[in-house]
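Biologist: Please take a close look at one part of this model, the largest pocket, and then at the residues around it. Which element gives the most to the lining of the largest pocket?

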Amino acid sequence: RFNKFLMHKDRFPYSMALTAIHMLVSFLLCLAFYMIKPSSFPGMANTEGKRALVLQWFVPIGMTFALALYTSNQAYLYCNVTFLQFM
């Protein structure tokens, strides 16, 4: 119910900013973790020299995830929590 409380027109109706902050923090923490302990990402060794190809797959997935986050945050402005949990 906190999301519904937060995403009110009078409090914080900026679902795009919330989504952007979420994605930025997730990216930075993942990057920092990779820089600190690259052995936690064993699949990255297989992408050596093919990182551009990997980005062609991950960027559309990331953009779709960002769109899903934005629309779910935006839904709190118009729907009640019970309805959103049912969906």
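Modeller: Helix α3 gives the most to that lining, with seven residues (a helix is a DSSP run of H or I, at least four residues, numbered from the N terminus). This is a predicted model, in which local features need pLDDT of at least 70 and side-chain atom pairs count only at pLDDT 80 or more, while totals for chains, interfaces and linings use all residues. Residues are numbered from 1 along each chain as its sequence is written, and side-chain values use heavy atoms, with hydrogens and water left out.

The largest pocket holds about 770 Å³ of space (a pocket is an open set of points on a 1 Å grid where a 1.4 Å probe fits, with protein on both sides within 12 Å along at least five of seven lines; lining residues have an atom within 4 Å of a point). The volume is the space filled by probe spheres set on the points. The lining has 16 residues, and those closest to the pocket centre are Phe27, Cys30, Met44, Leu55 and Phe58. Two elements, α2 (15-36) and α3 (51-75), each give two or more residues to the lining. By residue type, the lining has twelve nonpolar residues, three polar and one charged.

Leu55, one of the residues closest to the centre, lies in helix α3. Leu55 counts as exposed because its relative accessible area is 53% (exposed is over 50%, buried under 20%, partly exposed in between, with a 1.4 Å probe and protein chains only). From Leu55 to Leu24 the C-alpha distance is 17 Å, with their positions 31 residues apart in sequence.

Leu24 belongs to a nonpolar surface patch with Phe27, Leu28, Leu31 and Met35, and together they have about 510 Å² of accessible area. Such a patch joins nonpolar side chains within 5 Å, from residues with over 30% relative accessible area and no salt bridge; the areas come from the Shrake-Rupley method. Phe27 is thus named both here and among the residues closest to the pocket centre. Met35 is in helix α2 and is exposed, at 59% relative accessible area.

Ser15 is also in helix α2, but Ser15 is buried, at 1%. Its C-alpha atom is 5.9 Å from that of Tyr70, although the two are 55 residues apart in sequence. Phe12 lies in the loop between α1 (2-6) and α2 and is partly exposed, at 25%. The C-alpha atoms of Phe12 and Thr64 are 23 Å apart, at a sequence separation of 52 residues.

A salt bridge needs a side-chain nitrogen of Lys or Arg within 4 Å of a carboxyl oxygen of Asp or Glu, and the count is one. Arg51 and Glu48 form it, with 3.4 Å from N to O. Arg51 is partly exposed at 32%, whereas Glu48 is exposed at 58%.

Notes:
Nonpolar A, V, L, I, M, F, W, Y, C, P; charged D, E, K, R; others polar. Patch = residues over 30% accessible without salt bridge, like charges linked within 9 Å, V, L, I, M, F, W, Y side chains within 5 Å. Areas by Shrake-Rupley, 256 points an atom, 1.4 Å probe, with all protein chains shown as cover.
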